[in-house]
Amino acid sequence: ALCGLWAVHDALKTALPFLNKNHIYNLLGGNSIMEFKLSELQQDIANLAKDFAEKKLAPTVKDRDEKEVFDRAILDEMGTLGLLGIPWEEENGGVGADFLSLAVACEEVAKVDPSIALSFEVHTMLCSWPIWKFGTAEQKAKFLKPLAEGTKLGAFGLTEPNAGTDALNGSTVATKNEDGSYTLNGSKVFNTNGGEADVTVVFASTDKSKGAKGMSAFILEKGMEGFTYGKEEVKMGIRASVQRELVFQNVKVPAENLLGKEGEGFKIAMMTLDGGRVGVGAQALGIAEGAYNAAVQYAKERTQFGKPIAKFQAISFMLADMKLKIETARLAVYQAAWKMAQPDVKSYSVDAAIAKKYASDVAMQVTTDAVQVFGGYGFTREYPVERYMRDAKITQIYEGTNQVQQMVISGAILR
């Protein structure tokens, strides 16, 4: 079969010498040449994020987690390094890279500090992305550029106390005024970067009778009259990030702050969450790697019965399975991130759902096994694996629970 394939390859090349290898591969039924190596720019961005995480985050991550402190200055510093604008064009204040570059940067940060990786991912994928995708030139200049440059921090408001997965059941409403502006009333919960963010993309019903076509998206700015903050969540994990309730009491939103068209909010929210799921997949991948690296190091150093515990098959096989799961998850996450930037890809929803579900399940499995490798010490706060385990759990929940991802994947299969 391979000989026949190459015979066709050679025949095509002889008959049509102007074709390059991509053209020939497409004619043979493929889509593109598969390339697993990161580009020089992607590797540079990964190295930058890794260096920042190891030098800036690692020395304080344990203390910030225990004190449950969100340090806005860390995100500001990431902004000065260009990390908050990785996939956006230079004219929009970005670095001009791609979504795979963003994924590997988020992965490197999450290896050390999943809380900061979350704030980073929400800022970029849930706030900046919809403005980049659906915003006007004026909105990009006013909001996206400072978000990309890191002078402003972003957030995303969709979930409500009675409306999580059932997003259309929310009670936040936006009433249109005679001058074209909107008056916003309601609240949002579990808002990452809430209270700290300068720019928040918020979703509200503009016509409840229209269902999915009755939701709209708005860009809100910190300090708008009537826009305040409520309860701050006390959490099991990601303790060094902040999640706060957003409260809207007769908030007047200018007409120019409508994102996209009226009635497009649900579509914008769902498309935004697709990208967010790729970000969560990258975060989960980093968490798994961080826990795995700690477990490998400990297994080599911890001695029992006269030799390192890594020499015992029970431990070495466990480490092997952890590595297997991590590398498989990496392929899913990287593919989804790569597809986000391909102009010929109409939808990457299923790829995003697969990446998010698989990588988050792997993060939970690997961190649990990492605690097991450490034995009794793994259950203490002396070592980082208990924190990785706590942080991993939320990746199976936010940006759509893993049961929602199963709905997305099965729906595509059976459609």
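**Figure 1. Left-handed crossing of helix 9 and helix 12 in the predicted model.** In this predicted structure, helix 9 (265-301) crosses helix 12 (385-394) with left-handed geometry. The two axes lie 10 Å apart and enclose an angle of about 160°. Because angles over 145 degrees count as roughly antiparallel, helix 9 is assigned a roughly antiparallel orientation with respect to helix 12. On the helix 9 side, the contact is formed by Ile287, Gly290, Ala291 and Ala294, and these meet Val385, Tyr388, Asp391 and Ala392 of helix 12. By class, this contact comprises 6 nonpolar, 1 polar and 1 charged residues.

**Figure 2. Packing of helix 11 against helix 12.** Helix 11 spans residues 349-374, and its axis is 9 Å from that of helix 12, at an angle of about 160°. The pair is therefore roughly antiparallel. The crossing of helix 11 past helix 12 is left-handed. Helix 11 contributes Ala363, Met364, Thr367, Thr368, Ala370, Val371 and Phe374 to the contact, while helix 12 contributes Val385, Glu386, Tyr388, Met389, Ala392 and Lys393. The contact of helix 11 with helix 12 contains 9 nonpolar, 2 polar and 2 charged residues. Val385, Tyr388 and Ala392 of helix 12 take part in this contact and also in the contact with helix 9.

**Figure 3. Right-handed crossing of helix 7 and helix 9.** Helix 7 (114-134) passes helix 9 with right-handed geometry. Their axes are separated by 9 Å and form an angle of about 155°, so the two helices are roughly antiparallel to each other. From helix 7, the contact draws on Pro114, Ala117, Leu118, Glu121, Met125, Leu126, Trp129, Pro130, Lys133 and Phe134. The helix 9 partners include Lys267, Ile268, Met271, Thr272 and Leu273, the glycines Gly275, Gly276 and Gly279, and also Val280, Gln283 and Ile287. The class division for this contact is 13 nonpolar, 5 polar and 3 charged residues. Ile287 of helix 9 belongs to this contact and to the contact with helix 12 as well.

**Figure 4. The cavity and its lining.** The model holds 1 cavity of 30 Å³ or more. The volume of the largest cavity is about 70 Å³. Its lining consists of Phe99, Leu102, Ala103, Cys106, Glu121, Met125, Gly275, Val278, Gly279, Ala282, Ala337 and Met340. Two or more lining residues come from each of helix 6 (99-112), helix 7, helix 9 and helix 10 (313-340). Of the lining residues, 9 are nonpolar, 2 polar and 1 charged. Glu121, Met125, Gly275 and Gly279 line this cavity and also take part in the contact of helix 7 with helix 9.

**Figure 5. The largest pocket and the residues closest to its centre.** The largest pocket encloses about 870 Å³ of space. Its lining is made up of 38 residues, of which Thr159, Phe190, Ile397, Tyr398 and Glu399 are the closest to the centre. At least two lining residues are supplied by each of helix 7, strand 1 (154-157), strand 3 (182-192), helix 9 and helix 12. In terms of residue class, the pocket lining includes 19 nonpolar, 10 polar and 9 charged residues. Helix 7 and helix 9 thus appear among the contributors to the pocket lining as well as to the lining of the largest cavity.

Methods. Residues are numbered from 1 along each chain as its sequence is written. This is a predicted model: local features need pLDDT of at least 70, side-chain atom pairs count only at pLDDT 80 or more; totals for chains, interfaces and linings use all residues. Side-chain values use heavy atoms; hydrogens and water are left out. On a 1 Å grid over the protein atoms alone, a cavity is a set of points where a 1.4 Å probe fits but cannot get out, and a pocket is an open set with protein on both sides within 12 Å along at least five of seven lines; lining residues have an atom within 4 Å of a point. Grid points are joined across faces, edges and corners, and a volume is the space filled by probe spheres set on the points. Helices (H or I, at least four residues) and strands (E, at least two) are DSSP runs, numbered from the N terminus. Ala, Val, Leu, Ile, Met, Phe, Trp, Tyr, Cys and Pro count as nonpolar, Asp, Glu, Lys and Arg as charged, and the others, Gly among them, as polar. Axes are lines fitted to C-alpha atoms, for helices over the stretch in contact, and angles run from 0 to 180 degrees between N-to-C directions. Angles under 35 degrees count as roughly parallel, over 145 as roughly antiparallel, 65 to 115 as roughly perpendicular and the rest as oblique. A crossing is left-handed if the near helix is turned anticlockwise from the far one by less than a right angle, and right-handed if clockwise. Contact means heavy atoms within 4.5 Å.
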